[in-house]
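Here is a quick tour for someone meeting this structure for the very first time. Have a look around before reading on.

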Amino acid sequence: MALQTSVQLAVETDLTRTDGLASATATAPWSYGFQWPDGTAANTANRLYQGRRTLAASTNEDLDLHGGAGTVLLTDSYGATITFARIRAIVIKAAAANTNNVVVGGAATNTFVGPFGAATHTIALPPDGFWMAVAPGTTGWAVTGATGDLLRVANSAAGTSVTYDIFLIGASA
């Protein structure tokens with residue numbers, strides 16, 4: 001089994017201004033992308049987790065990135081447990097129908113710090129919001145089994161459930 005991955009981000013804007021009979025448009029296209037062939041060396045990836053998940057009101061789950069004892073043991077599309085040693089990309093999209101925010105990061109113990117800067121930092125995604133973080137290169141973000149491998153995802157409030165889509169791309173070594 002081999003994994004080939006491409007992650008792209010594109011932003012295109014047009015700002016138009018009309019003054020009397022004249023008008024002008026300023027265009028600012030921007031795109032950036034990463035491609036990782038299968039492997040565990042620098043700028044490669046051989047592990048993928050993808051899923052659509054739902055959390056009940058005011059609940060959270062700790063996604064175990066190292067195949068251990070988190071509240072959610074990640075498996076691939078074939079049912080095999082996924083063990084990440086490094087994370088290269090995280091993409092999370094909150095469902096448009098959500099009422100509450102999806103909060104990412106800040107597990108109570110064994111926190112995967114990765115792109116967050118500190119164990120208590122979080123990102124709140126409003127309904128229909130998304131977040132993407134990419135760490136190419138040799139190290140990506142290290143995952144340390146039993147001490148730094150839990151990625152918390154939480155429902156920010158009571159009353160309704162939230163749904164989110166998630167992609168985790170990384171390497172086993």
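## A pocket, a hairpin and some rings

The largest pocket holds about 300 Å³ of space. It is lined by 16 residues, and those closest to its centre are M1, L3, N46, L48 and D76. Sort the lining of the largest pocket by type and you get 8 nonpolar, 5 polar and 3 charged residues. Keep in mind that this is a predicted model.

Next stop, the hairpin. Strand β2 covers residues 14-19, and it pairs with β3 in the antiparallel sense over 6 bridges. If you want one spot to look at, try T16: its bridge partner in β3 is T25. Between the two strands of this hairpin there are 2 residues, and G20 takes a positive phi near 70°.

How many buried residues does strand β3 have among its 6 residues? The count is 0, so β3, which spans residues 22-27, is hardly covered, given that a residue needs under 20% relative accessible area to be called buried.

Now for the rings. The count of aromatic pairs comes to 4. Here are two of them, side by side:

| Pair | Centre to centre | Between the planes | Kind |
|---|---|---|---|
| W30 and Y32 | 6.3 Å | 10° | stacked |
| Y32 and F34 | 5.2 Å | 75° | edge-to-face |

Y32 turns up in both rows: it is stacked with W30 and sits edge-to-face with F34. Step back a little and you'll see that ring pairs link W30, Y32, F34 and W36 into a cluster.

Is W30 buried or exposed, or somewhere in between? W30 has a relative accessible area of 45%, so it counts as partly exposed. Y32 is partly exposed as well, with a relative accessibility of 49%. Both labels follow because partly exposed is the band between under 20% for buried and over 50% for exposed.

Finally, let's stay with F34 for a moment. F34 is found in strand β4, which runs over residues 30-36. Which residues does F34 touch, leaving aside those up to four places away in sequence? The answer is T5, S6, V7 and Q8, together with V134 and P136. There's also A89 to consider: F34 and A89 are 55 residues apart in sequence, while their C-alpha atoms are 9.6 Å apart in space.

Notes: Residues are numbered from 1 along each chain as its sequence is written. This is a predicted model: local features need pLDDT of at least 70, side-chain atom pairs count only at pLDDT 80 or more; totals for chains, interfaces and linings use all residues. Side-chain values use heavy atoms; hydrogens and water are left out. Buried means under 20% relative accessible area, exposed over 50%, partly exposed in between (1.4 Å probe, protein chains only). Helices (H or I, at least four residues) and strands (E, at least two) are DSSP runs, numbered from the N terminus. Two strands pair if DSSP finds at least two bridges between them. On a 1 Å grid over the protein atoms alone, a cavity is a set of points where a 1.4 Å probe fits but cannot get out, and a pocket is an open set with protein on both sides within 12 Å along at least five of seven lines; lining residues have an atom within 4 Å of a point. Grid points are joined across faces, edges and corners, and a volume is the space filled by probe spheres set on the points. Ala, Val, Leu, Ile, Met, Phe, Trp, Tyr, Cys and Pro count as nonpolar, Asp, Glu, Lys and Arg as charged, and the others, Gly among them, as polar. Contact means heavy atoms within 4.5 Å. Rings of Phe, Tyr and Trp (its six-membered ring) pair if their centres lie within 6.5 Å; planes under 30 degrees apart count as stacked, over 60 as edge-to-face and the rest as tilted.
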